[in-house]
Amino acid sequence: MSTAYAKNHGRRRQLALGVLTILLHVLVFVWFAGQLGRVPDRSARMARAPLTAELVEAPRPRPLPPVPPPQPALDPPPVPEVVPEPVIPMPPPPGPEAAAPAQGIPDGTAASAPPALTPQPDGIAATDAAGRQTGQDGAAAGAGTVQSRQAAPQGTGAQARADAVPKPPAAPEARRYKVDMPPSADITLDVARTDANGTKWSGDALLSWRVTSSGYRVQVEAGIRIMFAHVNLLTLTSEGTVGDEGFVPTLMTEKRRGRAMTATHFNRPDGTLTFSASAAKYPLVPGAQDKASVPLQLAAIARGDPKQLSGNIDILVGEDRDASVFTFTVAGQEQIDTPLGRIATWHLVRPPKPGSYNSRLELWLAPGYGWYPVQIRNTEASGAVTTQTVHNIVIKQAGS
């Protein structure tokens, strides 16, 4: 009995231990499952990392200043009407030449003063024969202008302003010359130029003219030589009639390389000189020339009578945009070297004239070659010098 009892007791003990083990495993499994689905407490996390918040009072907006009520608009003060004072040009003071007798002309008449250039549009100052400007800003008016302004009556309105504009003085009578027209010819010239910086250029020029009983045409071409090529830089043409005063231009055109052509009009019917490149306008005086015809006009004067070269030779010359009086004087008689040999010449000089032109122009006329210009030199204000020396002369028959 004891042996059977012992065996039953051992089985029950093992069964109880197995049941206990299963219960423990179930409890552990239940606890573990509960831990997996559990969400940690938020307060516990915040306790581990506390946050501090500070409340700051927002700034209160400042009240805007009160807008003042609109004030009634005030009328602007009246602007006084400005009336320009009239300016009366005063003649320049007499110089030493005033006391000298006037230069005589072979026909016995006295040489008059050079024509004064007076632009016709209002607001442009007149220029006297000495190159000084007279008018509102002219220095030639001097102290007498101030006195004239003080004595001038003051007015108001458009009529007073019109009365205040100075009337241009009438141009004095131009000096008359006896002329002999130079026969038609082609003159080729060698051109040598030295720039202000010392750079040297060489080229050639052509002075060609045809004269008939009814008119004339002059053409001037000038260019430079670059290697084996010739580059034309300037073309001048002058057309017109011939008369007792010599060349009578009606139209001059000028075309420079890279620029548009300009025209100078000698309006004989209304007696004005106008320009396509500017609004300038001048009264047309007898003997007026252009840049292309003026060397030949000097030759015509010398051919008429060389004695006429004594004293000043004043010629109104129209250029591409303006006009001025060229004043030539004889510097002397010289021998110059040319490709045609050594030539006897009369040396004429047009020095710079303040207020008109700044360059020095020189011409050498050759009596042995029909008084044709055999050398021309222009010295610019910058120091650049261009010299044209005769290379060949071909006389043309009438109509050729």
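Tutor: Two strands pair if DSSP finds at least two bridges between them. Helices (H or I, at least four residues) and strands (E, at least two) are DSSP runs, numbered from the N terminus. This is a predicted model, in which local features need pLDDT of at least 70 and side-chain atom pairs pLDDT 80 or more, while totals for chains, interfaces and linings use all residues. Residues are numbered from 1 along each chain as its sequence is written, and side-chain values use heavy atoms, without hydrogens or water.

Student: How many helices and strands are there in the protein?

Tutor: The protein has 400 residues, and 34% of them are buried (under 20% relative accessible area; exposed is over 50%, partly exposed in between; 1.4 Å probe, protein chains only). Its elements number 6 helices and 17 strands.

Student: Which residue in β17 is the bridge partner of Arg377?

Tutor: Strand β16 (residues 372–379) runs antiparallel to β17, with 5 bridges. The two form a hairpin with 5 residues between them. Gly383, in that turn, has a positive phi of about 105 degrees. Arg377 is bridged in β17 to Thr387.

Student: Over how many bridges do β3 and β17 pair?

Tutor: β3 covers residues 185–194 and β17 covers residues 385–395. Ile187 faces Ile393 of β17. The β3–β17 pairing is antiparallel, and its bridges number 10.

Student: Asp186 lies in strand β3 and Lys396 in the segment after β17; how many residues apart in sequence are the parts this pair ties together?

Tutor: Asp186 and Lys396 form a salt bridge (Lys or Arg side-chain nitrogen within 4 Å of an Asp or Glu carboxyl oxygen), their closest N and O atoms 3.8 Å apart. One end is in β3 and the other follows β17, so the tie spans a sequence separation of 210 residues.

Student: Does Asp186 count as buried or exposed, and at what relative accessibility?

Tutor: Its partner Lys396 counts as partly exposed, because its relative accessibility is 27%. Asp186 counts as buried, because its value is 17%.

Student: Which strands hold Asp204 and Arg225?

Tutor: Asp204 and Arg225 meet in a salt bridge of 3.4 Å, N to O. The pair is 21 residues apart and links distant parts of the chain: strand β4 (residues 200–211) for Asp204 and, for Arg225, strand β5 (residues 216–226).

Student: Which residues do salt bridges that share partners join into one network?

Tutor: The protein has 11 salt bridges by this rule. Another of the pairs is Asp195 with Arg193, at 2.8 Å between the closest N and O atoms. The network is made of Asp186, Arg210 and Lys396.

Student: Arg350 is buried yet has no salt bridge; which is the nearest side chain of opposite charge?

Tutor: Arg350 sits in strand β14 (residues 341–350). Lys and Arg count as positive, Asp and Glu as negative; His and the chain ends are left out. The nearest opposite charge is 5.9 Å from buried Arg350, and it belongs to Glu319.

Student: Which side chain does a polar contact of 2.9 Å join to Arg350?

Tutor: Contact means heavy atoms within 4.5 Å. Beyond four places in sequence, Arg350 touches residues including Phe326, Phe328 and Tyr357. The 2.9 Å polar contact (N or O atoms within 3.5 Å; within protein, one able to donate a hydrogen and the other to accept it, sequence neighbours counting only if both atoms are side-chain atoms) is with Ser359.

Student: How many residues of helix α6 are buried?

Tutor: Helix α6 spans residues 294–304 and is mostly covered. Its buried residues include Val294, Leu298 and Gly304. Of 11 residues, the buried ones number 10.
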